[in-house]
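Here is a quick tour of a protein chain for someone meeting it for the first time. Have a look at the model first, and then read on.

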Amino acid sequence: MADRDSIAIIIVTFNSVEEIDACLDSLVGHTSPFPTTITVVDNASADGTARHVRERWPTVQVIDSGGNLGFARANNIGIRATASEYVLLMNPDTVAPPGAIQTLVRGLAAHPEAAIAGARLLSESGFPELSWGAPISPWHETRQMIFARLYLRKIRRIVRVMDRLSRQAREVGWVSGACMVIRRADLEAVGLMDERYFMYNEDVDLCVAMKKRGRTTLYVAGAEVLHYRGKSAPKNPELERRRQESHVAYYEKHLPRWAPLLRAYLKATHKL
């Protein structure tokens, strides 16, 4: 039986040797008073990530996945290899400032109706990321895409709106898997993460699965985590193809009437 208030931190790596030290340095020894284990599941990195973590971080459990299995499947390996009340998924390119993990876990613990909680993610330059939202749908995606493009252009009004929204703790449709904490009991009830998603949308899918069980997802604005997004992207030439495959998989599962239109659009634009 898992210890009460215990945390299993799972980090999936793929050629992450340049990022993993900063991530682990922010976690190892910094999660008191919660009993914590940290597990790195390495997806067959070619840069020595697994060996480096074993040598540099002896208290961290390292699991070799045996291949590049994708984000969801690798996380499931780590989840099954641990025992805890809470499971915290983190990307290797995230850094948790002091107190962030405790704030995130306590935010979830304070709401027994909630299964998942996500952090306020900040970019390297200190701008908040769009790390929450409504469940995926054609309308929600279009609205979010327009908002995100205006935000990236640093339109002053949009930046102010984004900053205000990112500081409001509330129930949301989904939170980013770059840093999310989940009650293990709820994870097991839905069968862990859906492994049909190699990369992307598995976090949204998990939140939707919880909602279908009557459980909620929280955005905990007070838990601020740095996310050095994109550092691993150039190392995976198939990234965009994987993104689109997951996009279609989500629609086929949750919005099947829209799936043929999405697939036709992606083929017409040579994105699939």
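What follows goes from the whole chain down to a few strands, helices and single residues.

**The whole chain**

Keep in mind that this is a predicted model. The protein chain has 10 helices and 11 strands. Its radius of gyration is 18 Å, close to the 19 Å that the globule rule gives for 272 residues, so the chain is as compact as a globular protein of that length. If you lay the C-alpha trace along its principal axes, it spans about 50 × 40 × 40 Å.

How much of the chain is buried? Of the 272 residues, 51% count as buried. The outside comes to about 13100 Å² of exposed area, with carbon and sulfur atoms supplying 54% of it. As for charges, there are 36 positive and 30 negative ones, and their mean positions are 8 Å apart.

The contacts reach a long way along the sequence, too. Take those between residues at least 6 apart in sequence: 80% of them join residues at least 24 apart.

**A covered strand and its partners**

Now zoom in on strand β6, which covers residues 114–122. Is β6 mostly buried or exposed? Mostly covered, as it turns out: 9 of its 9 residues are buried.

Strand β6 pairs with β11 (residues 216–227), and the two run parallel, joined by 8 bridges. Strand β6 also pairs with β10 (residues 179–183), this time in the antiparallel sense and over 3 bridges. To find these pairings on the model, look for G118, whose bridge partner in β11 is Y219, and for A117, whose bridge partner in β10 is V181.

**A helix with plenty of cover**

Helix α3 takes in residues 71–80, and 7 of its 10 residues are buried. Which ones are they? The buried residues of α3 are F71, A72, A74, N75, N76, G78 and I79. Some background helps here: an α-helix has 3.6 residues a turn, so residues three or four places apart point the same way. What covers the buried residues of α3 includes the strands β1 (7–13), β2 (36–42) and β4 (86–90), along with the helices α7 (184–189) and α8 (202–212).

**L150 in its helix**

Residue L150 sits in helix α5, which runs over residues 138–152. With a relative accessible area of 29%, L150 is partly exposed. Leaving aside neighbours within four places in sequence, L150 is in contact with I155 and I158. Residue D194 is another matter: L150 and D194 are 44 residues apart in sequence, and their C-alpha atoms are 32 Å apart in space.

**Backbone oddities in the loops**

A few spots have backbone angles worth a look. The peptide bond from S32 to P33 is cis, with omega near 10 degrees. You'll find P33 in the loop between α1 (17–25) and β2.

Two further residues, Y200 and N201, have a positive phi although neither is a glycine. Here they are side by side:

| Residue | Phi | Relative accessibility | Place |
|---|---|---|---|
| Y200 | about 85 degrees | 24% | loop between α7 and α8 |
| N201 | near 75 degrees | 14% | loop between α7 and α8 |

Why does Y200 count as partly exposed? Its relative accessibility is 24%, and buried means under 20%. N201 counts as buried because its relative accessibility is 14%.

Methods:
Residues numbered from 1 in each chain as written. Predicted model: local features only at pLDDT ≥ 70, side-chain atom pairs only at ≥ 80, totals over all residues. Heavy atoms only, no water. Helix = DSSP H or I, 4+ residues; strand = E, 2+ residues; numbered from the N terminus. Rg over C-alpha atoms; globule rule 2.2 N^0.38 Å. Buried < 20%, exposed > 50% of the residue type's maximum accessible area, 1.4 Å probe, protein only. Contact = heavy atoms within 4.5 Å. Areas by Shrake-Rupley, 256 points an atom, 1.4 Å probe, with all protein chains shown as cover. Lys, Arg positive; Asp, Glu negative; His and termini not counted. Charge placed at Lys NZ, Arg CZ, Asp CG, Glu CD. Pairing = 2+ DSSP bridges.
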